[in-house]
Amino acid sequence: MALLFVDLDGFKLINDTYGHEAGDALLEAVAARLIEEVRPGDTVARLAGDEFVILCEQLEQPASISALAERINVALRQPVAYGDVSLFVTGSIGIAVGHGTTHSADDMLRSADSAMYAVKEKGRDGWQFFSDSLEEKVRQRLSVTQGLRLAIERNELTCRFQPIVAADSRRIVGAELLLRWHPAAGDISPVVFIPIAEMTGSIVPIGTWVFRQGCLAEVDWRQRWGERAPSYISVNVSTRQLSEENLADEFAAILKETGADPSRILIEITETSLMADVESNLRVLRRLAQLGLRVAVDDFGTGYSSLAQLQRMPVSVLKIDKAFVDGVGKQTESRVVIRAIIGLGHALGLKLVAEGVEDEAQLMELRANGCDFIQGYLFFRPLEAQAFVENFERQLLQGRPEVSAPLFFLLYVSEAGRSMSGEEIAEILRSSRKNNQALGITGCLLYQDGCFMQMLEGKREAVLSLVERVERDPRHRNARIVVQGDAQRRVFMDWSMGYRDMSKLEAEPDFGDWRKRTISFLELAEDARTCYAYITAFKHAVSIDRQ
Ligand code: C2E
Ligand code: MG
Ligand code: MG
């Protein structure tokens, strides 16, 4: 015989949206459709809520059952008319096959139920047989669940710290706390046990334990290194914890008890879970932010963030998911996505961390696009606490490292040798753009009241020789270099030479975008290009002639 466990997908939404009468009508329609699909002699029953079971006895071959399941899926997909609205649901169907003599009703139900869950996990609206591998999964899930309950008491949990480095200087600026579980039977990866802990709720006590460990590490670092300590520690918090009523109170108590500085603790929440329930998450996050904690969006790019919602969240960091970092050296699409994420993040005043950086090519690309921080095996794997301390001390001993500067920038001003027609200027722009492209130089030229101001960036020799040519060019007089130096990344990534005639400017440049961004004076002073971009801000203005 075969047992089909049918669970409707999206039934709750119908109830919540159209009311229980609509829900009842839908259940009746579903029941009628199920009866229509089965053979005479089969049994259709409603177990509870939106769960139905179908019992098919005297089964000839399993193939006929999959055909039945398929027909049921198709039948359930058809809309149900209710008043003048159409109600849509689908079904997830789990199938168990067995013999009445050897399998108890309970066994059959449990197996069919597990198979149904597997369908839900795979994306709903489908069917699946219960199988040995599924059974293995169920067994594993059960033993993980039981083991996790005791993991804290038995001291089976430990913390790793994966350093996060500054993209420019490669120096450690912080670390992410990553949980490890060592049950007696052998280590189990967080990729396996965290989802199970989330499902069963044991993530709540474990998450509290993790947060306390994060606080203790923060205090320890400050005691060891004072002002020179890494500036933050990242702690993962699962959405299941956010839905705990007293989470903020609990965190507040732990902060107080440990003496940790909340502004040096970054709470990481995955994008998917953050956006799953915006309103209630927003409430909790605001409370956490009031405690002084900062928030990062983890695995950014894999979920579906509403940008409007993102702006309302008290978020200060975006972590770009490894999936995009992986593709960055190879696929143009990933490169485009990375640029877009970094641009978006910076426009919202956020810092960007790239996750899973494994090679130099990825690092270069991320740096060129202005990514602030890097986390990945290229620099460090997750380290044990002691190893983290040692690595950080080594860095302190080294002092400020020589930062390899891939680029050189230069800003000069000059006077126009004579007045030029628009036609002539256009011609000059055309030829310099071609030249710059060939030399790998990018930049922007401003013109006002007979004076030029130009920013150039590229290889040192290329930039310097271009400036030498400018100095000899009769169209420029009194060329004078204002500032020059090493640059980590391009400001004018996509322009071989932007141009603007400032005297034709109708309105003042729009600083709107910049005002929203927080720039520290230090950042301005250290980075002449930021300074330049800030002062001119023309990059964002509408009328600029790009290319
Ligand atoms: P995550 O928060 O996105 O953490 C980053 C994961 O990427 C970590 O895996 C880290 O070891 C791995 N990783 C970092 N750099 C590289 C790299 O260059 N290459 C590769 N291949 N991997 C890299 P891990 O430690 O296995 O953790 C997996 C996930 O488990 C975490 O993803 C996080 O979602 C969850 N997790 C870990 N610890 C905790 C915790 O304490 N609480 C909660 N709620 N979740 C946790
Ligand atoms: Mg994380
Ligand atoms: Mg992540």
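This briefing covers one pocket and two arginines with unusual backbone angles. The model is predicted. In it, the second largest pocket holds about 1000 Å³ of space, and its lining is made up of 35 residues. Arg124 and Arg170 each have a positive phi of about 65° although neither is a glycine.

**The second largest pocket**

- Among the 35 residues that line the second largest pocket, Glu176, Leu178, Pro190, Asn236 and Asp298 lie nearest its centre.
- At least two residues of this lining come from each of three strands, namely S9 (172-181), S11 (265-270) and S12 (294-300), and at least two likewise from each of the helices H6 (190-200), H7 (203-225) and H8 (239-242).
- By residue class, the lining of the second largest pocket is divided into 13 nonpolar, 12 polar and 10 charged residues.

**Arg124**

- Arg124, which is not a glycine, nevertheless has a positive phi of about 65°, and its place in the chain is the loop that runs between helix H4 (105-121) and strand S7 (126-129).
- Arg124 counts as partly exposed because its relative accessibility is 45%, a value that falls between the limits of 20% for buried and 50% for exposed.

**Arg170**

- Arg170 also has a positive phi of about 65° without being a glycine, and this residue is found in the loop between strand S8 (157-166) and strand S9, the latter being one of the elements that supply at least two residues to the lining of the second largest pocket.
- With a relative accessibility of 31%, Arg170 is therefore classed as partly exposed.

Conventions: Residues are numbered from 1 along each chain as its sequence is written. Chains are lettered from A and ligands numbered from 1 in the order in which they are written. This is a predicted model: local features need pLDDT of at least 70, side-chain atom pairs count only at pLDDT 80 or more; totals for chains, interfaces and linings use all residues. Side-chain values use heavy atoms; hydrogens and water are left out. On a 1 Å grid over the protein atoms alone, a cavity is a set of points where a 1.4 Å probe fits but cannot get out, and a pocket is an open set with protein on both sides within 12 Å along at least five of seven lines; lining residues have an atom within 4 Å of a point. Grid points are joined across faces, edges and corners, and a volume is the space filled by probe spheres set on the points. Helices (H or I, at least four residues) and strands (E, at least two) are DSSP runs, numbered from the N terminus. Ala, Val, Leu, Ile, Met, Phe, Trp, Tyr, Cys and Pro count as nonpolar, Asp, Glu, Lys and Arg as charged, and the others, Gly among them, as polar. Buried means under 20% relative accessible area, exposed over 50%, partly exposed in between (1.4 Å probe, protein chains only).
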